[in-house]
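This report describes the packing, the charged pairs and the main pocket of one protein model. Please read it beside the sequence and the coordinates.

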Amino acid sequence: MGLSAAEREELLALYRDLRVADVRDGMDWVMRHGQGSMIPQIRPLWRTRAVGFAKTVRYLPYRGEVPKMTSEEYTAWSGWYYQEVCPYPWIETIEEGDFCIIDQSGINAGLMGSNNTMDGVIKGARGYVTNGGVRDTDEIIRQKIPFWSAFCSQSMVQGRLQFDAYDIPIAVGGVQVRPGDLVVADGDGVIVVPLEIAHDVAKYAHQELRNDKASRRQKYERLGLELDETVL
C-alpha cells in the first residue's frame, strides 16, 4: 500500500507526539494484543524517540571462508568484501521519513557504525533498529542518531555477514515488519504498526495519551511541580 508524500507526512504528524506506550495501548484497543512490540532486548543506545516508515533490510551469516593472506592482502580483500559480499545498496534508496529496520540474523557484528549511519540520515532516515550489533556507539550517541539494537559490537562485517535483500518482509525482535509499516521507538523500546490499521491505532493511542496527561497534570499541580510538555 503505497502512500503519497502528503499522506506520509500526515501519518508522521499523527504519530509525532505518541509514546510507544500509547501506541501499545492503541494496538490493544483494536485487538492486536500479541502483535507489534519488539522484545525488550532491543534497546536504544541513548534516551530518544523516533517515528517513521519501515525501510526493511536483511543480511545473512556469511558461509564462505576467510582465506589465508597477509595484512596488506587483507586490505584489498576487505574492499572486495564490501563491494561484492556485504554491500549497502539500500542506503541509496532511503526516502525522507524512512525508519531503517535491519534483520542481521542476530550476528555479533557492527553492520552499522558512526559513519554509515550518517549516510542514511543525510538521505532522510529517522532512525535505525537491528536485531544484531552496532559499533562506534559513543560517536553515534554524540551524533544524536536514534538507534535501537540487541547489543553493541566491536567487529566489522568481513567473514561474518553477507547482504541478502531489502524492501521485503522481515522478522526483527519477534515482530514481522513489512516495508512501509509505521515504526515508533523510544525509551520503552520499539513497536511496529501495520500500515492498514495505523489511523485506527492512532485514534485510541491519542485517547489514552489525553487521559494520561490530564491525570498526571492534576498530580503535578498537587505536588507543586512545574508543568512540562508531558502534561500540557
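The sections below treat the pocket, the nonpolar cores, the salt bridges and the aromatic pairs in turn.

The model is predicted; local features need pLDDT of at least 70, side-chain atom pairs count only at pLDDT 80 or more, and totals for chains, interfaces and linings use all residues. Residues are numbered from 1 along each chain as its sequence is written, and side-chain values use heavy atoms, with hydrogens and water left out.

**Pocket**

The largest pocket has a volume of about 390 Å³. A pocket here is an open set of points on a 1 Å grid over the protein atoms alone, where a 1.4 Å probe fits, with protein on both sides within 12 Å along at least five of seven lines; lining residues have an atom within 4 Å of a point. The lining comprises 16 residues, of which D17, R19, R49, D186 and T230 are the closest to the pocket centre. By class, 10 lining residues are charged, three are polar and three are nonpolar. Charged means Asp, Glu, Lys and Arg; nonpolar means Ala, Val, Leu, Ile, Met, Phe, Trp, Tyr, Cys and Pro; the others, Gly among them, are polar. Helix α6 (residues 198-223) contributes the most to this lining, with three residues. Helices (H or I, at least four residues) and strands (E, at least two) are DSSP runs, numbered from the N terminus.

**Nonpolar cores**

A nonpolar core is a set of buried Ala, Val, Leu, Ile, Met, Phe, Trp, Tyr and Cys residues joined through side-chain atoms within 4.5 Å. Buried denotes under 20% relative accessible area, exposed over 50%, and partly exposed in between (1.4 Å probe, protein chains only). The largest core holds 26 residues, and Y59, Y88, W90, I102, L111, M112 and Y128 touch the most other members. Two or more residues of this core come from each of β2 (50-61), α3 (71-84), β3 (98-103) and β4 (110-112). A second, separate core has 20 residues, including V23, L182, I191 and A198.

**Salt bridges**

Side chains of opposite charge can pair when their charged atoms come close. With a salt bridge defined as a side-chain nitrogen of Lys or Arg within 4 Å of a carboxyl oxygen of Asp or Glu, the count is 13. Some of them are listed here.

| Pair | N to O distance |
|---|---|
| R19 and D22 | 2.7 Å |
| R24 and D28 | 3.0 Å |
| K123 and E92 | 4.0 Å |

In the pair of R19 and D22, D22 is buried at 1% relative accessibility, whereas R19 is partly exposed at 31%. A network of salt bridges links R19, D22, D212 and R216. R24 and D28 lie four residues apart in helix α2 (residues 20-29), about one turn of the helix. K123 belongs to helix α4 (residues 116-123) and E92 to the loop between α3 and β3, so their bridge ties together parts 31 residues apart in sequence.

**Aromatic pairs**

Rings of Phe, Tyr and Trp (its six-membered ring) pair if their centres lie within 6.5 Å; planes under 30 degrees apart count as stacked, over 60 as edge-to-face and the rest as tilted. The whole structure contains 12 aromatic pairs. One of them joins W77 and Y81, whose centres are 5.2 Å apart and whose planes meet at 50°, so the pair is tilted. Both residues of this pair, W77 and Y81, are buried. F99 and W148 form another tilted pair, with 5.9 Å between centres and 50° between planes. This pair links strand β3, which holds F99, to strand β7 (residues 147-149), which holds W148, across 49 residues. In addition, Y59, Y82, Y88, W90, F163 and Y166 form one aromatic cluster.

How values were computed. Grid points are joined across faces, edges and corners, and a volume is the space filled by probe spheres set on the points.
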